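Here is a short briefing on one protein model. Keep the sequence and the 3D view open while reading, and find each residue as it is named.

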Amino acid sequence: MVDDPHGKESGASGLKVVVVGATGNVGTSVVRALSEDPAVGSVLGLARRPCDLPVAKTRWSCVDVGDPEDDLEGHFRGADAVIHLAWLFQPTHEPVITWRTNVSGSIRVFEAVAAAKVPVLIYASSVGAYSPGPKDRYVNESWPTHGWPEATYCREKAYLERVLDAFEQRHPSVRVVRMRPGFLFKRESASEQRRLFAGPLLPQRLARSALIPALPDIPGLRFQALHTDDAADAYRRALLRPVHGAFNLAADPAIDAKELADLLHARAVRLPLPPLRHALAAAWHLHLIPASPQLFDAVLRLPLLDTTRARTELEWTPQYSATEAITEFLHGLQEIAGADTAPLTPQLHAGRARELVTGSGQRP
């Protein structure tokens, strides 16, 4: 017998799964969920930066999907499934860079799946792929996926939905699954998400109820959240069942300003949207926060997701409520929580000075 790219003998039992983007918020949960399933024989975790996180049945390799020279097909050869999670949120001021990784890189992943004759592709889409929708009822997977075109994140997610439409026409033998989750939180993601969306000027330890007396209640602020481990369980179930197409993932209840205020024992204060939006835009243009005002606009327009299909076809039920997921994340912020991977590290080398020097939202 010969060794394959997964570090397992070619006759080894169990599914061989490649996880692309395996070291972030979602990737670490997916890798662990797969490693604990007896149907999975080996996991190959691919990431842009080195990782040696000890997870059963799992080995790691460095791959940059944005680099055309990296051999994705070689890593995929012999795999039973590829789960594609890799995504670059920053630099928000340079969308050409995120496009190279998120769109061009994803297309390379899809093409390598076909070239390596991998039978299953599971792709991390998002609620952000959906066109603006209602906040007073839930939409299923047939809702249009044109995104909010002004937001880079939504524009890229929507574009890849069209790419996958064409991919499925050209490669009908590949079973393609698209996961469209709401906002994903867990304790270990707290420091990463603070860096990605709030930036270096937010003191994490201030995320406690005694120090936040009020929260702004603005029109359209209603969204869905999910614990990342619950999302990972859905990925695992989609791998093991002969399903295809899109699945909405979210937990109850839908979160609004009152829910958030209750979690922090604060008061929701109704505010007009324009002044807050102008302040966010000014802070982003000054590189004080990394999240763009267009992404904020998109959040206020996201539809609420009907998860009936995931609950019936995947027999999936979230183990955490949305409020429990957010509460765990808030505790992670207070504790400066993280994990032993490059994206999830609690502290960057040189700390927040590095974030400030490189420019908030400016460097990947």
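The points below cover cysteines, enclosed spaces, an open pocket, a helix and aromatic rings. The model is predicted. Two cavities of 30 Å³ or more are found in it, along with 8 aromatic pairs and 0 disulfides.

**Cysteines**

- A disulfide is a covalent bond between the sulfur atoms of two cysteines.
- The search for such bonds took in the whole structure and found 0.
- Why does C62 have no bond to C51? The sulfur of C51 is the closest cysteine sulfur to that of C62, but the two are 8.6 Å apart, which is too far for a bond. The cut-off for a disulfide is 2.5 Å.
- C62 is partly exposed, and its relative accessible area is 41%.
- C154 is buried, with a relative accessible area of 2%.

**Cavities**

- Rolling a probe the size of a water molecule over the atoms shows where empty space is left.
- The largest cavity has a volume of about 50 Å³. Its lining is made up of V127, G182, F183, R222, F223, Q224, L302, P303 and L304.
- Sorted by class, the residues lining the largest cavity are 6 nonpolar, 2 polar and 1 charged.
- The second largest cavity has a volume of about 30 Å³. Among the residues that line this cavity are G128, Y130, W148, R301 and L302.
- The buried residue C154 also belongs to the lining of the second largest cavity.
- That lining divides into 6 nonpolar, 3 polar and 1 charged residues.
- L302 appears in the lining of the largest cavity and in that of the second largest cavity.

**The second largest pocket**

- This pocket has a volume of about 290 Å³.
- Which residues lie nearest the centre of the second largest pocket? They are S29, R32, A33, E36 and D229, out of 19 lining residues.
- Two elements, α1 (25-35) and α6 (228-240), each give two or more residues to this lining.
- By class, the lining of the second largest pocket has 10 charged, 6 nonpolar and 3 polar residues.

**Helix α1**

- Helix α1 is mostly covered, with 10 of its 11 residues buried.
- The buried residues include N25, V26, G27, T28, V30 and V31.
- S29 and A33 are also buried residues of α1, and both are among the residues nearest the centre of the second largest pocket.

**Aromatic rings**

- A pair of aromatic rings is described by the distance of the centres and the angle of the planes.
- The count for this model is 8 aromatic pairs. In one of them, W87 and Y153 have ring centres 5.8 Å apart and planes at 75°, so this pair is edge-to-face.
- What does the pair of W87 and Y153 tie together? W87 is in the loop between β4 (81-84) and α3 (95-115), and Y153 is in helix α4 (residues 152-170), so the pair joins parts that are 66 residues apart in sequence.
- W87 is buried, with a relative accessible area of 16%.
- Ring pairs link W87 and Y153 with F89 and F197 in a cluster.

**Charges over rings**

- K157 lies over the face of W87, 3.7 Å from the ring centre.
- R301 lies over the face of W148, at 4.2 Å from the ring centre. Both R301 and W148 help to line the second largest cavity.

Terms used
Residues numbered from 1 in each chain as written. Predicted model: local features only at pLDDT ≥ 70, side-chain atom pairs only at ≥ 80, totals over all residues. Heavy atoms only, no water. Buried < 20%, exposed > 50% of the residue type's maximum accessible area, 1.4 Å probe, protein only. 1 Å grid on protein atoms, 1.4 Å probe; cavity = no way out; pocket = protein on both sides within 12 Å on 5 of 7 lines; lining within 4 Å. Points joined across faces, edges and corners; volume = space filled by probe spheres on them. Nonpolar A, V, L, I, M, F, W, Y, C, P; charged D, E, K, R; others polar. Phe/Tyr/Trp six-rings, centres within 6.5 Å; stacked < 30°, edge-to-face > 60°. Helix = DSSP H or I, 4+ residues; strand = E, 2+ residues; numbered from the N terminus. Lys NZ or Arg CZ within 6 Å of the ring centre and 35° of its normal.
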